[in-house]
Structure formats: C-alpha cells, structure tokens
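Could you walk me through this model stop by stop? I have it open in my viewer and would like to know what to select next and what is there.

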Amino acid sequence: MTVIVQPTGIDPADVLAVARGNAPVELSPAAVEAMATSRAIVDGIEASGRPVYGVSTGFGALASTSIEPERRAELQHALIRSHAAGVGAPMPREVVRAMMLLRVRSLAMGRSGVRPALAQGLVDLLNHDITPWVPEHGSLGASGDLAPLAHCAIVLLGEGWVLGKDGARMSAAEALHAAGLRPLELAAKEGLALINGTDGMLGMLLLAIADAAHLFTMADVTAALATEAMLGSERPFLPELHAIRPHPGQAASAANILRLLQDSAIMDSHRHDLAHAVQDAYSIRCAPQVAGAARDTLDFVRTTAARELVSVVDNPVVLPDGRVESTGNFHGAPLGFAADFLAIAAAEVGAIAERRVDRLLDVTRSRDLPPFLSPDAGVNSGLMIAQYTAAGIVAENRRLAGPASVDSLPTSGMQEDHVSMGWAATKKLRTVLDNLTSLLAVELLAAVRGLQLRLPITPSPAGRAAIAAVEPFAGQPGPDVFLAPVLEQTRAVISGPGLRATIEAATAPLS
C-alpha cells in the first residue's frame, strides 16, 4: 500500500508499513497546500524584518542574537551541521524510517512554516530506500530528538552518512547521486523545523507498542502451556473470578489462558484428583493479574502515542492567524513516562515467565517431571542452563526497568534546563521487549519439553501446535544437544505470527 500523508496526520499502521514494510509514501495535495500557506507567513515575517525566534535569531541560549537577512540560510545549514553530533552504533533501519516519516507528518500539518520541498525531500529518501546513519547517542528528548533528526536532515544537504545495504557507512552525497536526487538548500526556519520534534522517540514507541501487543498475547500462550505441563488447575482462570475484579487486561488474559487449556487430556487427567493441589503457585495462578496489568499499561501507552500522532511538535509554530509562537511541545515527557511505564510492565511479564520455567525444571515442584526436563539427568543437564540464561535476562530487565524519564541534565547554557530523556526511555524499552522475546522462548521450549514428557496423554490443541512448531528443530527429550541454536529458533517462533495463527485456527482468536 502507499501511505498518503495528510495534514491531519497518519496512524500507527502507516508507521509500521513504512518502517518495516517499505511502503511508498506520498504527500497529499492538502498537505502541500497547508505547508505552502504556512511558508507564506514566514516569508512575510522575513520581509517585515520582525524578530522571530528561529527565523531571524539564533537558537537555544543564542535566541537573543539577531541574524542578518543575508546569513539566515547559512544559519539553518550551520544548525544542521552542528547538531549532527551523535556518537555510537547506528540506530536500526526501521527506527530511522519511522523517524523520517513522522517528521514528514509533522511538517505536513502546516504549522512549521516550511516549503513543501522540504517534506518531499524526506519522502524521496524513504522511497529511494536511503537510510541516514543515525548514531544511538545524542538525544536528551528536549528540544525533541535534536541530534538524531539532524543526522537525518544533513543527508538532505548532501552531507553526512547513510546506512549501506551491507550495514556499512557510506557517503550521503554518493547515495543521493546514485538515486538521482539533488541536495536541498534550506531557507529561513527550515533547519530548525527539521530537527525540533519527538519523532525518534515516538517512532520507537510505536514500534514497541506493536511488539508488546504480540508478546503479551504470546505470554498468555506460554503461561497456558507451562500450566498444562505442570498439571496446574484451570479454575483460577474462570471468567466469574475476574468479573469481580474488573481490570480489562486481566479478564482478557485469563480468557486466553482458559481457552488454551480446553480439550486437553492432560488437564482432564487430574481435574478431579483429590491429591491435586488446591492452589497453584502465584506464577501460575496470578499469570492473568500480571499479564493483564501489562495489557492495561499498553492501552495507556497506545493512547499517549495516538495523541502524539495528531500533535504539532515544533518550535516555533506558525498559527493560521499569522502569529509565530514559541512552544514547549517538543518536550518528550509524555512519551518518556509512557515508555518507562511499559518497560516496567514488560519486565514483570518476563520475570513471572522465568519463575514458571524454574518450577518446570525443579523435580520437587514440577509434579513428576524429570529433573531439568531431562530423561537421563546427571549425565545430561537438560534445560538447566537455559534457566540460568533466563535468570540473567530477568536481572538485566530489572535494571532496564529503572526509569530514564526521572533523570535530567541541563544543557544549552541553562536555557534547556530540564530535559525528558525520552529517547533513552524508548530505546531501552525496545531492549526490554527483545529480552522478553528470549524469556518467552525459554518458557516455550520448557513447556514443550514438559508436554512431550507427559505423552502419551494428549495435550490441548495449543499444546499440540506448540510441539509441532518446536519439535522439528528441538527434537524430543533425550541426550543433551547444542542448545543455543535451538533457543534462537524458538525465539523466531515466539516473535513470528505462525504459532499464534495455528493455535487460533484450532481454538479461537486470542486477545
């Protein structure tokens, strides 16, 4: 599909389509008109000689410095060069593409006072698959993502670096020439408009929202499989028990787990056993309470991101009545808070999954499964060290769950004396979610091993689907194998759509 940018904005699906699906981008006629109208206001201000921040003055602590008309274009170019000051490894291609599209979105709303050619320049980079080299360090989240966006903007000038197809760094001038694109010359205010936004952190947050939504559903899947393998009870997941504590995420998670445990001979085998534990451990019984709270957190984060998607994030902004006003809309606090909140939730979803893994491997708590899920424990260690790996990841996620958004370091001669650290918050959120993928992979592998060891008693349709997905590369319980590639492939099962689709075909759609 083609993503058409309107002056009213875009939606999260558009960002994913461009960032991950390479969808082409177009500016709508209405967006072009909105930008042309606001640019005419800036041109009028320039002609009048009236002092306006970012148009006829310097930036930040230099806001009171007047700039002569003949040097204002030079000012914009100098701004981009000086602000492209990041260091470190390059950000992933999908993050940079999301960031560029979101800057196009903001410019297209017609409040930035730029020519349509500026937004079209970013569109051309996206459509020619030119990805600026954006270093990971440089943004404090106010005034927006200055350094990362400057590394995008400098490519429009034919300077800076881009990310080659092989991952190597190459000259932007070379990339533009190969694509048949010409460098842009900036006019008054345009350099500032290219970099004064929350687009990097918003892009990462939108990608994280999509990943978290999938992983939280997969967490219900692995929790159900682990419960089944450990001969847990399905009774704590009954809907009437969650209706009396009406958190919507909790109810959705419990409904998923209950549905996944149906039609299981394993569950039937002990349902009426008087010796069966009346209450399962918290990591089983309270799975919906933890995963459900994470789902409710994700809903809050979605709302925050949706508001930002329809926001004008620039400074100064050009109002329809001709005024040009300074704002603080570039401050990333809303996004930083949301990202930190979601990182805490995702870390706990992973932590409770690791506790279930530990129970599956412990012969004193796994209800007759062999030690470490190895039929020949002693000579073989089974999944012992996979749980070590999971424990180490849980510890890292707990460190990453410490909020970045409560930190602040003043900059720009104390003009920018409080910053959001929203870039850091969203960047570490992505790491937490990647770690959660690994934790759920360990739980999936352990649960599948447990279900295999319960045979010939037949597991649920979800259990059979999980065994069918994992057994081709993991094999059956037996002598130890080189486990790292097995875990990598199990990660791919967790992150991909295949297992969920197979389970839903056999049961019903999951929330």
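A residue is called buried when its relative accessible area is under 20%, exposed when that area is over 50%, and partly exposed in between. Keep in mind along the way that this is a predicted model.

**Stop 1: a buried salt bridge**

Select Arg295 and Asp220. Their side chains meet in a salt bridge, at 2.9 Å from N to O. The two partners come from distant parts of the chain: Arg295 sits in helix H14 (residues 287-309) and Asp220 in helix H9, 75 residues apart. By the cut-off above, both Arg295 and Asp220 are buried. As background, side chains of opposite charge can pair when their charged atoms come close.

**Stop 2: two more pairs**

Now pick Arg115 and Glu190, a salt bridge whose closest N and O atoms are 2.6 Å apart. This pair also links distant parts of the chain, with Arg115 in the loop between H4 and H5 and Glu190 in helix H8 (residues 190-195), 75 residues apart. Is each partner buried or partly exposed? Arg115 is partly exposed, because its relative accessible area is 29%, whereas Glu190 counts as buried at 0%.

Next, select Arg97 and Asp129, which form a salt bridge with their closest N and O atoms 3.8 Å apart. Arg97 belongs to helix H4, while Asp129 lies in the loop between helix H5 (116-127) and strand E4 (131-132), 32 residues away along the chain. Arg97 is buried, with a relative accessible area of 1%; Asp129, at 25%, counts as partly exposed.

For a network, highlight Glu354, Arg355, Asp358, Asp362 and Arg365, which salt bridges link together. How many salt bridges does a search of the whole structure find? It finds 28.

**Stop 3: Leu102**

Stay with helix H4 (residues 93-108) and select Leu102. Its relative accessibility is 0%, so Leu102 counts as buried. Leaving aside neighbours within four places in sequence, Leu102 is in contact with Ile10, Val15, Asp199, Leu202, Gly203, Leu206 and Leu309. You can also draw a distance from the C-alpha of Leu102 to that of Ser311: the two are 209 residues apart along the chain and separated by 11 Å.

**Stop 4: a three-stranded sheet**

Show strands E4, E6 and E7, which form an open, antiparallel sheet in the order E4-E6-E7. E4 and strand E7 (169-171) stand at the edges with a single partner strand each, so one side of each has no neighbour in the sheet. Between E4 and strand E6 (residues 161-163) there are two bridges. To see how they line up, select Thr131, which stands opposite Leu163 in E6. Then add helix H7 (residues 172-179), which lies across E6 and E7 and runs at about 70° to E7.

**Stop 5: helix H19**

Finish with helix H19 (residues 483-495), which has 13 residues and reaches 18 Å from its first C-alpha to its last, close to the 18 Å expected. Which of its residues are buried? Color Leu483, Val486, Leu487, Thr490, Val493 and Ile494. They lie on the same side of H19 because they cover an arc of only 110° around the axis. An α-helix has 3.6 residues a turn, so residues three or four places apart point the same way. To see what covers the buried residues of H19, show its surroundings, including helices H9 (199-229), H16 (384-400), H17 (422-454), H18 (461-474) and H20 (498-506).

How values were computed: Residues are numbered from 1 along each chain as its sequence is written. This is a predicted model: local features need pLDDT of at least 70, side-chain atom pairs count only at pLDDT 80 or more; totals for chains, interfaces and linings use all residues. Side-chain values use heavy atoms; hydrogens and water are left out. Helices (H or I, at least four residues) and strands (E, at least two) are DSSP runs, numbered from the N terminus. The expected span of a helix is 1.5 Å times one less than its number of residues. Buried means under 20% relative accessible area, exposed over 50%, partly exposed in between (1.4 Å probe, protein chains only). The arc is that of the directions from the helix axis to the C-beta atoms. Contact means heavy atoms within 4.5 Å. A salt bridge is a side-chain nitrogen of Lys or Arg within 4 Å of a carboxyl oxygen of Asp or Glu. Two strands pair if DSSP finds at least two bridges between them. Axes are lines fitted to C-alpha atoms, for helices over the stretch in contact, and angles run from 0 to 180 degrees between N-to-C directions.
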